[in-house]
Amino acid sequence: MAYPNALSAYRETRVRTASQGQLIIMLYDEAVKQMDHSIELLTQNKKGKPDPSRIEPINKALVKAQEIITELMVSLDFEQGGDIAKNLFSLYTWFNRELLEANLAKDVERIKAVRTMMNELRGAWQEVVAKTAAEHRGNPSSGINIAG
């Protein structure tokens, strides 16, 4: 069927056409999604008899979240970002350390704490992106340079 290919093409186009701010929000969304998945699996394991088959998916979800946070870290511009970039770097470092420890201990509460803060930061980025987009709508561009 062509549906999986269409979905893949849609996702690729969405990423390729996104602004830098939208890309950051997408990274936050995916990190939160991965943490939610790990929380769900860990909670299921704690409710009943632990299922060893959940260990690998839990680990993969948390590692994926850590990889996304690392990507956010390397995208920081310390020259333009100044103290904000430094503070975000410190926070991202703490997030990764907490997720590593949570993964080792299978600690849902640590994951939830990181998830909550990531979601708050995502909301702040969403506001910045919306404000920037509104400012650009108010200032029409001078046109498109087709000369290359």
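Is Ile-39 buried or exposed? At 11% relative accessibility, Ile-39 counts as buried. The legends below come back to Ile-39 and visit several other places in this predicted model.

**Figure 1. Here is the whole protein, a predicted model built from helices.** The protein has 5 helices and 0 strands. Starting at the N terminus, its elements follow the order α-α-α-α-α. Of the 148 residues in the protein, 28% are buried. If we look at contacts between residues at least 6 apart in sequence, 63% of them join residues at least 24 apart.

**Figure 2. This view shows helix α2 packing against helix α3.** Helix α2 covers residues 20-47. The angle between α2 and α3 is about 155°, and their axes are 9 Å apart. Angles over 145 degrees count as roughly antiparallel, so α2 and α3 are roughly antiparallel to each other. The crossing of α2 past α3 is left-handed. On the α2 side, the contact includes Ile-24, Leu-27, Tyr-28, Ala-31, His-37 and Leu-41. On the α3 side, the residues include Ile-55, Pro-57, Ile-58, Ala-61 and Leu-72. Sorted by type, the residues of this contact of α2 with α3 are 15 nonpolar, 4 polar and 3 charged.

**Figure 3. His-37 is a good place to zoom in on helix α2.** Its relative accessible area is 35%, so His-37 is partly exposed. Setting aside residues up to four places away in sequence, His-37 touches Pro-57 and Ala-61. Along the chain, His-37 and Pro-57 are 20 residues apart, while 8.7 Å separates their C-alpha atoms.

**Figure 4. Ile-39, the residue of our opening question, also sits in helix α2.** With a relative accessibility of 11%, Ile-39 is counted as buried. Apart from neighbours within four places in sequence, Ile-39 is in contact with Val-108, Ile-111, Lys-112 and Arg-115. From Ile-39 to Ile-58 there are 19 residues in sequence and 8.0 Å in space, taken from C-alpha to C-alpha.

**Figure 5. Now we move to the packing of helix α3 with helix α4.** Helix α3 spans residues 55-74, and helix α4 spans residues 78-105. The two helices pack at an angle of about 170°, with 9 Å between their axes. That angle makes α3 roughly antiparallel to α4. Among the α3 residues in the contact are Ile-58, Asn-59, Leu-62, Val-63, Ile-69 and Met-73. Helix α4 contributes residues including Phe-89, Tyr-92, Phe-95, Leu-99 and Asn-103. How many residues of the contact of α3 with α4 are charged? There are no charged residues in this contact, which divides into 12 nonpolar and 6 polar.

**Figure 6. Asn-103 gives a closer look at helix α4.** The relative accessibility of Asn-103 is 8%, so this residue counts as buried. Not counting its neighbours within four places in sequence, Asn-103 is in contact with Ile-58, Asn-59, Leu-62 and Val-63. Asn-103 and Ala-61 are 42 residues apart along the chain, and their C-alpha atoms are separated by 9.7 Å.

**Figure 7. Aromatic rings come together at Tyr-92, Trp-94 and Phe-95, which form one aromatic cluster.** The structure holds 3 aromatic pairs. One of them is formed by Tyr-92 and Phe-95, whose rings are 6.3 Å apart centre to centre, with 50° between the planes. This pair is tilted. Tyr-92 and Phe-95 are 3 residues apart in helix α4, so about one helical turn separates them. Both Tyr-92 and Phe-95 are buried.

**Figure 8. Lys-106 marks the loop between α4 and α5.** Most residues other than glycine have a negative phi. Lys-106 is not a glycine, yet its phi is positive, at about 55°.

**Figure 9. The last stop is Gly-123, in helix α5.** Helix α5 runs over residues 108-138. Gly-123 has a relative accessibility of 28%, so it counts as partly exposed. How many residues apart in sequence are Gly-123 and Ile-25? They are 98 residues apart in sequence, and 8.5 Å apart in space from C-alpha to C-alpha.

Technical notes: Residues numbered from 1 in each chain as written. Predicted model: local features only at pLDDT ≥ 70, side-chain atom pairs only at ≥ 80, totals over all residues. Heavy atoms only, no water. Axes fitted to C-alpha atoms, helices over the stretch in contact; angles between N-to-C directions. Helix = DSSP H or I, 4+ residues; strand = E, 2+ residues; numbered from the N terminus. Parallel < 35°, antiparallel > 145°, perpendicular 65-115°, else oblique. Contact = heavy atoms within 4.5 Å. Nonpolar A, V, L, I, M, F, W, Y, C, P; charged D, E, K, R; others polar. Phe/Tyr/Trp six-rings, centres within 6.5 Å; stacked < 30°, edge-to-face > 60°. Buried < 20%, exposed > 50% of the residue type's maximum accessible area, 1.4 Å probe, protein only. Left-handed = near helix turned anticlockwise from the far one by under 90°.
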